[in-house]
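Here is a short round of questions on how labels are earned. Each answer sets a value against its cut-off.

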Amino acid sequence: MSTPQSFAFSPWQLLPSRRLLLRDSVSVRLGGRAFDMLVALVERRDRTVTKRELIDLVWPSVVVEENNLQVQVLALRKLLGYKTAT
């Protein structure tokens, strides 16, 4: 099965092969790890992705603390317009 060239979730378009995220056809700045996390989550949108799996996908062959994952999730939530708990 081949990976799609892009994913669309209005108003967003994700182009993994070009490492590009667009909002209403305008490029949005996103850090590398946050981008990798978004791609991992979108590609696995049909199931729950564990913390361990995300860490392994986003930080392959690197030992990282769980709070790195939290920082990237918060960055994505903010960018995509989701409210965060305070």
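**Labels and cut-offs**

Glu53 counts as partly exposed, at 22% relative accessibility. The model is a predicted one.

Q: Why is Arg44 called buried?
A: Buried means under 20% relative accessible area. Arg44 has 18%, so Arg44 is buried.

Q: What makes Glu53 and Arg44 a salt bridge?
A: The cut-off is 4 Å between a side-chain nitrogen and a carboxyl oxygen. Glu53 and Arg44 meet at 3.4 Å, N to O, so the pair qualifies.

Q: What else does Glu53 pair with in a salt bridge?
A: Arg47, at 2.7 Å, N to O. Arg47 is partly exposed, with 42% relative accessibility. Glu43, Arg44, Arg47 and Glu53 are linked in a network of salt bridges.

Q: Why does the salt bridge of Asp36 and Arg19 tie together separate parts of the sequence?
A: Asp36 lies in helix 1, and Arg19 in the loop between strand 2 and strand 3, so the parts tied together are 17 residues apart in sequence. The N to O distance is 2.8 Å, within the 4 Å cut-off.

Q: Why do Asp36 and Arg19 count as partly exposed?
A: Partly exposed falls between the 20% and 50% limits. Asp36 has 24% relative accessibility, so Asp36 counts as partly exposed. Arg19 has 46%, so Arg19 does too.

Q: How many salt bridges does a search of the whole structure find?
A: Six.

Q: Which residues touch the most other members of the largest nonpolar core?
A: Leu14, Leu30, Met37, Leu38 and Trp59, out of 21 residues. Helix 1 gives the most to this core, with seven residues.

Terms used
Residues numbered from 1 in each chain as written. Predicted model: local features only at pLDDT ≥ 70, side-chain atom pairs only at ≥ 80, totals over all residues. Heavy atoms only, no water. Core = buried A, V, L, I, M, F, W, Y, C linked by side-chain atoms within 4.5 Å. Buried < 20%, exposed > 50% of the residue type's maximum accessible area, 1.4 Å probe, protein only. Helix = DSSP H or I, 4+ residues; strand = E, 2+ residues; numbered from the N terminus.
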